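Visitor: Could you walk me through how the two parts of this protein chain meet?
Guide: Happily, let's have a look together.

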Amino acid sequence: MGRSFDTIRFRAEACDACGQCVIACARAKTGTDDTSRARLQILGGGTEGAELALCRQCTDPQCAAVCPSASLAKDPDSGVVTWEAETCVDCLLCTVGCAYGGIASDPVAGHVAKCDLCDGAPECVAACDRGALEHVTASRLYNTQHEREDLFAPGLSACHGCNSELLIRHTMRHIGRETVVAAPPGCIPGMGVVGYNGQTGCKVPVFHPLLTNTAAMLAGLKTQYARAGRDVTMVALAGDGGTVDVGFQSLSGAAARNDPMLFICVDNEGYMNTGMQASGSTSYGSWTSTTPVGEHMQGKSGDAKSLPMLMMMHNGAYVATASTAFLEDYHEKLEKAYATAQHGFAYLHVYAPCPTGWRFPAALTTEVCRRQVETNFVTLWEYTRDGGLRFTRPVEGRRPIGDYVEMIGKYRHLDQTHLDVIQHQVDERVAFLRRFAAPAGG
Amino acid sequence: MTHVATNAPRVIVCDGNQAAAWGVALAKPDVVAVYPITPQSSLVEYVSQFIADGTLTATLMNVEGEHSVLSALQGAMLGGARTYTATSGPGLAFMFEPYMRTPGLRLPMVMSLVTRDGITPQCVWGGQQDAMTVRDVGWIQIYCETVQEVLDTTLMAFRIAEHRDVMLPVNVCHDGNYLSYGVSRLEIPDARQAEAFVGPTDVNWHTALDPARPMAVDPLTGGAGGPGPALFVRYRKSLCAGMEAALRVIKEVHADFADRFGRHHPALVEAYRLDDADRALVTIGSMTGAAKDAVDEARAAGTRVGLLKIKTVRPFPVAAVADALSGVEAIGVIDRAVSFGWNTGPMHQEVLAALARGGRVVPSLGFIGGLAGADITAEHVARAIFDVGRLRDGQAPAGPVWLNETD
């Protein structure tokens, strides 16, 4: 099976063509300030927007395909397209073969030269303070995940664009087989996780608790395994209804008792599985089938209940929020939550924008997730008893809430007055959370 | 290990709640979950103290409400635990959602119902409205008459529940106030004998949440197409079969209990002075003592009256009831609960249905008494016997008769 590799991501909208990346590359690779010898170049800039000439480390590199002396090849371990000086015949065909300007002649050296990702620590990225270059290492995560067993049946029937399936497959690949999975009624069993008519969708023990009693059933089960001296991890994959609304009492009890389990709330802001009714987690202004839009109603009139904050106030042993647009962040938290769940109560609140119920194109889910974070509509943080609250991806200069709202059909009826309310809620929520954050370095 | 034999005196004087707790200690559950509610509270206090003292080595879960009590125990049972809890009235109402699910999961749990009248009107006293309201959910229901019967039935309940032909949860019902707080002599069985009688824990051979034998517990079942309808019917029929088997198993367990411990309790029904009776009263639970006294007095005065106590309500002992009442010409049924849509008591309806199944229609009268802690005295019962006599003579009083209406 194939592997994934590191790459450098370029965000043109953040680039002002300052040139620091080019200088850093020239110094690192030639020991000079001669930017013409750098292995990346900024083209354009200003109103036209910048473009970056840089090797993409292609999976099927055309530079290598056209090379007559086999001097270019993709390294199977690092993924870097490498160049061999000893065999190169200096024909320069590769510079024509590459569509990205990723390989060019170094006039001083007399050879072609190209990016080698600086052995995993690219100097250009380190030099960019505009946020235009990012060293994307998510590939390491996927390679690790790839080696682990998928514990769900192939072909779960989630809606197009739903991130829940991605989330639960990642989660259970990480956690492994010595587990019991509770999936209370909702989208996750709806996609076939617990199965139908005697068949299961899961390779580990799985069950339907009631919508109301997930945490209590897991607490009892864990109690018996503790008596028997067996290490079995309790995992809940619950929706917001089974967490925020009717599931709350048993969840609160388990959190207060510090019952060992990993409770994951997959929050799509409502009862999306049963026709998009509102839940306590539905955000202000949202159209749902029970907070409709008409002459006398403009969607949900109240704000959402914040479960992660409530779990923090229960002094949960580990509490965190997560977004599937930032899977490395999620995996770091999952690792901690899993470790915590061996002896105490761990809670992960993961946001699941719903293309079907929220009315946005299925292809945009990850972008919606990202925008939630960029606007501070969602804040990514973790709480531990020792460390207090820590923002794991603090947002400098949040985007206005309109940039998020405009992506989502369920907000289509909102006017500026509504937007002002949501913006105020978002800013207030972040300010509230900041009061619980440990001071930097403190 | 439990140390009942060394800790406990053989004979003590105590109330029904403590007697139930001794039954639990002898049955040695692995996990006990508790939440207090009147008039059950002292029962779970006793069990908690037993665990604190080491008399019982169960794990005690103090959870935040009855709904979670039952849910936690379901989880524990799916992991292989023998479990126990107790509740009453509003607590039973609050746990109804998982309560309704327990029989379908075929989890052989034992739960005491310290019966309490239904609110509203707000009340905290005995009555059987709570237990009677849930009698069609699929739990076995056994109603005790005496403090001794509470202990002995609690112990027997574990063995009945876990019998492989049954695999159903059992409610051991004892009347709030009269049995929960009523004090009398109690013989406590020897702990080793009790352990041998109940047998090893055997609760999740059929369904489990265990990585060593992974399976889906309770996937979505039914619908209108595919294998769903037939599969759903199969589950329902197997539950009915478990109930039917329980009629036999309850009798067998009572007989074995009598052999081992020397105490004979009726298993399904108890017939009292019915052999030559031309009229009968039907009773349930702790009222039966006063009713037997009233029957004795009426007999002494020459009235040929007998009594049938119903002990097992679910499964309903249709044949035993019909058989016991086959010779009488009129019956009166005293209920401690109301069947609102029938304007009588639930046991009255069910006794008539049992007779009708054998083709018999017998003049009958429903009595309702002892609601919300009210007394059912021998005088009340004497009045009932008189009314049944009039019924037999063709003077049918209008029912139901509310025994405490003029107290």
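Visitor: How many residue pairs are in polar contact across the interface of domain 1 of chain B and domain 2 of chain B?
Guide: The rule finds 18 such pairs, both residues at pLDDT 80 or more. A polar contact is a pair of N or O atoms within 3.5 Å; within protein, one must be able to donate a hydrogen and the other to accept it, and residues adjacent in sequence count only if both atoms are side-chain atoms. This is a predicted model: local features need pLDDT of at least 70, side-chain atom pairs count only at pLDDT 80 or more, and totals for chains, interfaces and linings use all residues. Residues are numbered from 1 along each chain as its sequence is written, chains are lettered from A and ligands numbered from 1 in the order in which they are written, and side-chain values use heavy atoms, leaving out hydrogens and water.

Visitor: Why is the pair B:Lys311 and B:Glu149 called a salt bridge?
Guide: The term asks for a side-chain nitrogen of Lys or Arg within 4 Å of a carboxyl oxygen of Asp or Glu. Here the N to O distance is 3.0 Å, so the pair qualifies. Between the two domains of chain B, the count is 7 salt bridges.

Visitor: What makes residues of the two domains count as in contact?
Guide: Their heavy atoms must lie within 4.5 Å. By that rule, 24 residues of domain 1 of chain B are in contact with 28 residues of domain 2 of chain B.

Visitor: Where do the bounds of these domains come from?
Guide: They come from an automatic or database domain assignment, which gives domain 1 (4-201 + 249-260) and domain 2 (269-402) in chain B. Their C-alpha centres lie 27 Å apart.
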